[in-house]
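Here are a few short exercises to work through with the model open beside you. Try each one yourself before reading its solution.

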Amino acid sequence: MASGFKSRKHRIKSSKRLSIAQATALTEKMALVFGDIKDPRVERTRVHTLTDILSVGILAVIAGGNGWEDMENYGLSKCEWLEQFLALPGGIPSADTFRLVD
């Protein structure tokens, strides 16, 4: 590559990177949208927030997940990152928890 030119691939990669501030803002917007959704779970047994469950589920599907187990595995593999902008009071929801919200 000639000197003075930057790799186009590098520029695209860095421009698509999601900052924690952007992720937090997105989470807040998702909470507003999801706030009107009725939680189908029994109130006394809720360990995870509905917003966290839906957020992890949507992110897992975007990443190519195809089922409840994939959602749990995605959450576990990205736990450190997700904890930066989701509440996750009960940790990553299990596959059964995702199934209950269906």
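**Exercise 1.** Find the sign of phi at G64, which follows α3.

*Solution.* Phi of G64 is positive, near 105°. Helices here are DSSP runs of H or I with at least four residues, numbered from the N terminus. The model is predicted, so local features need pLDDT of at least 70, side-chain atom pairs count only at pLDDT 80 or more, and totals for chains, interfaces and linings use all residues. Residues are numbered from 1 along each chain as its sequence is written, and side-chain values use heavy atoms, without hydrogens and water.

**Exercise 2.** Check the span of α3 against its 13 residues.

*Solution.* Take 1.5 Å times one less than the number of residues. This gives an expected 18 Å, and the end C-alpha atoms are 18 Å apart, which agrees.

**Exercise 3.** Decide whether S55 is buried or exposed, then find its partners.

*Solution.* S55 is in helix α3. Buried means under 20% relative accessible area, with a 1.4 Å probe and protein chains only; S55 counts as buried because its relative accessibility is 2%. A polar atom of its side chain lies 2.7 Å from the backbone oxygen of T51. Beyond four places in sequence, S55 touches M30, F34 and L86 (heavy atoms within 4.5 Å).

**Exercise 4.** Which elements do the buried residues of α3 pack against?

*Solution.* List the buried residues: L50, T51, D52, I53, S55, V56, G57 and A60. They pack against α2 (20-34), α4, α5 (79-82) and α6. As for V56, its contacts more than four places away in sequence are M71, Y74, G75, L82, L86 and F98.

Notes
Helix = DSSP H or I, 4+ residues; strand = E, 2+ residues; numbered from the N terminus. Buried < 20%, exposed > 50% of the residue type's maximum accessible area, 1.4 Å probe, protein only. Polar contact = N/O pair within 3.5 Å; in protein donor to acceptor, adjacent residues only side chain to side chain.
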